[in-house]
Every structure is written in structure tokens, then in C-alpha cells.
Amino acid sequence: MLGVIWERPEPRPAWIDQYWIDSDKRDAFEIVITMGIADIVLKERGQIILKGSDLYGALFKKNAKEFLPSIFYRKRKKAQSVLDLTCGWARDAIRLAQHGIQVIGFEQSAIPYLFSCYAKNFYFPDLDFDLYHGSFHEHSWVYESVWPWVYLDPLFADNRPGLSKKEMELLYQEKFFFSSAPFSVSEQNHLLKDRVQDLKIETLVMKQHRHANAWFDLSGILSVTKYSRVCRFDIYYLNQLRLKEAKKI
Ligand SMILES: C[S@@+](CC[C@H](N)C(=O)[O-])C[C@H]1O[C@@H](n2cnc3c(N)ncnc32)[C@H](O)[C@@H]1O
């Protein structure tokens, strides 16, 4: 289990409690949530390797011309809510929420989930986004509704360190999966691909590496592709179809 050290006054919030361990039984990795300078830091054997203030620094200033929110428009109407199935460190979720979109996010891995909870509770308390720990498929209600917008930002299976940011490189390392997601990147992506096929989706936004192969064979489906500097966003208009039905069209 991951060691989480809460240096703030009691009571500890519920999202901390599931990771709480005795200080003398700490693992190599620990997350320290500090009181004085109000930050969350990830340490490996005592060395700080990631800080919440660095990770979220760029988000403290709302940028009116942000690329990602500009994608979540259909017929000039902005998305009201987005289901972010691969929420990660929640930077995309936060950016969308800053632009007035309600976000429901899922993250299966402990380290990014804890960082996201911290960001939500202490850096961006006024934003409208909900976070769930675990894979989305563990929540049966997700399969009961039609989702107007679904966002998928999986880990790039082909590790390209030149393009990865520091925190993404951390996630690529298998040792980081020990805490809650004991799968390799390709196994994770395989599971994700399989599980997402049963959702009823209006519009799917899929973030990919510029030169990655498309995940789904959606040749009969209306789609648009947009490019940012390093990524490609494939936008599919599924109109309530499940991906597994859309594949047959
Ligand atoms: C590239 S990161 C997402 C980064 C995120 N968009 C951000 O802005 O910080 C992909 C994340 O998806 C998570 N993930 C993969 N499969 C998942 C699943 N089935 N359910 C929940 N999270 C999943 C991984 O643990 C990883 O943290």
C-alpha cells in the first residue's frame, strides 16, 4: 500500500483514509500532504519527485483560449457535462470544469487519484467535478445512461520519452502500478477498450498520439479530427450507439 502522510489538522478527509498506513510501515513511495505550504508531494525513498503545485501550476490561471475546451462543442453548443473515463491527474478535467463543463471522472491508479482529490479539494474547491476511484466499469450506473460526451485519454502504449511530460513518464513505469492497478500499459488499454464498448455515447472524444493507430474501427461513423501540438483528438458522433454496435456499421 502507498504511504500517505497527512500533516494537516484532523479530521483527515475520507479519501485519505483508505491509504493511511502506520508511519513505520511505509513503502518506498509516500505522498505527503503538508500544512505549512499547502502542497501535496510524492516522494520516492525520501526524495521529492512530484509536487502538486508544479503539476497544477499552469491551471491556476484560467486561459480563455484553451484548446481542449474548444473541442467539446457540437453544432456550436458547448458540452454541459463530460464523462472522463481516464481522469489521471485531472488536469484535463479541471480545465474543462474551469470552462463551465461539469465533469465526472474515474481514475484507477492511487497516485494520480490522490493528487486529483487534493487539487479538487484544496486548489479548485469551486469547480464542478466529481471523482471516483477505480475503473468506471465497477460502477454499474455508468452503463444505465446515455452519455452526451465521453472523453478518453489513455496512456500512450508506445513510450516516447521525448514527448512525455515528467509525470506521464512516472506513470509509464510499471513500478507505479503496484499500488492499485497491477497491469502493464498495454494490458490496461486492452481492458479499457473492451469495457468502454458497452457504454451508450452521443459523442466520443479520444485523445491519441499524433501518429497512433485509431482504437476503434468506426469507418461508417461521422467523425472529425483535430490536432494540437503533440496530440490528435478523434471526435466520433455515435448518436447513442454503443461502440460495439458502431463497429458493425
Ligand atoms: C494519460 S492519463 C490521463 C491524464 C489526464 N487526462 C490528465 O489530464 O491528467 C490516463 C489515465 O487513465 C487511467 N486509466 C486507464 N484505464 C482506466 C480505467 N479503466 N478506469 C479508470 N482509469 C483508467 C490510468 O491509470 C491513467 O492514470
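**A colleague's note on the predicted model**

1. A good place to start is the stretch around helix α4. Glycine 100, just after α4, takes a positive phi of about 85°. Please keep in mind throughout that this is a predicted model.

2. Helix α4 itself spans residues 91-98 and is mostly covered, with eight of its eight residues buried. Those residues are Arg91, Asp92, Ala93, Ile94, Arg95, Leu96, Ala97 and Gln98, so charged names such as Arg91 and Asp92 appear on the buried list. If you look for what does the covering, the elements include α3 (67-71), β7 (81-84), β8 (102-107), α5 (110-123) and β9 (129-133).

3. One residue of α3 deserves a closer look. Leucine 68 sits in that helix and counts as buried because 20 other C-beta atoms lie within 10 Å, and the threshold for buried is 20 or more. Setting aside residues up to four places away in sequence, leucine 68 touches Asp92, Arg95 and Leu96, each of which is on the list of buried α4 residues. Leucine 68 also has a distant partner in sequence: serine 228 is 160 residues away along the chain, yet the two C-alpha atoms are 8.7 Å apart.

4. Next, the ligand. It is surrounded by 22 residues, and the closest are Thr86, Gly88, Arg91, Asp92 and Ser135. The elements giving two or more residues to this shell are α4, β8 and α7 (185-196). Of the elements, α7 gives the most, with three residues. By character, the shell divides into 11 nonpolar, six polar and five charged residues. Arg91 and Asp92 thus link this point to the second one, as they are among the closest to the ligand and also among the buried residues of α4.

5. Now to the sheet. Seven strands form an open sheet with mixed pairing, in the order β9-β8-β7-β10-β11-β13-β12. Because β9 and β12 (223-227) stand at the edges with a single partner strand each, one side of each has no neighbour in the sheet. On average, neighbouring strands are turned by 20° against each other, direction ignored. Helix α5 packs on this sheet, where it touches β8 and β9, and its direction makes about 155° with that of β9.

6. For one pairing in detail, try β11 (residues 200-209) and β13 (residues 231-237), which pair in the antiparallel sense over seven bridges. Within this pairing, glutamine 208 has arginine 232 of β13 as its bridge partner.

7. The largest nonpolar core holds 59 residues, and Val82, Leu114, Trp149 and Val150 have the most contacts inside it. Its largest share comes from α5, with eight residues. Leaving aside neighbours within four places in sequence, valine 82 is in contact with Phe72, Leu96, Ile101, Val103, Trp149 and Tyr151.

8. Finally, some backbone details worth checking by eye. Most residues other than glycine have a negative phi, and most peptide bonds are trans. Lysine 75 has a positive phi of about 50° without being a glycine, and arginine 76 has one near 65°. Lysine 75 lies in the loop between β5 (73-74) and β6 (77-78), as does arginine 76. Lysine 75 counts as exposed because it has 4 C-beta neighbours inside 10 Å; arginine 76 is exposed too, with 5. Elsewhere, a cis peptide bond with omega about 0° joins glutamate 10 and proline 11, and proline 11 is in the loop between β1 (3-6) and α1 (14-17).

Definitions and conventions
Residues numbered from 1 in each chain as written. Predicted model: local features only at pLDDT ≥ 70, side-chain atom pairs only at ≥ 80, totals over all residues. Buried ≥ 20, exposed ≤ 12 C-beta atoms within 10 Å, placed from the backbone. Helix = DSSP H or I, 4+ residues; strand = E, 2+ residues; numbered from the N terminus. Contact = placed C-beta atoms within 7 Å. Near = placed C-beta within 6 Å. Pairing = 2+ DSSP bridges. Axes fitted to C-alpha atoms, helices over the stretch in contact; angles between N-to-C directions. Core = buried A, V, L, I, M, F, W, Y, C linked by C-beta atoms within 7 Å.
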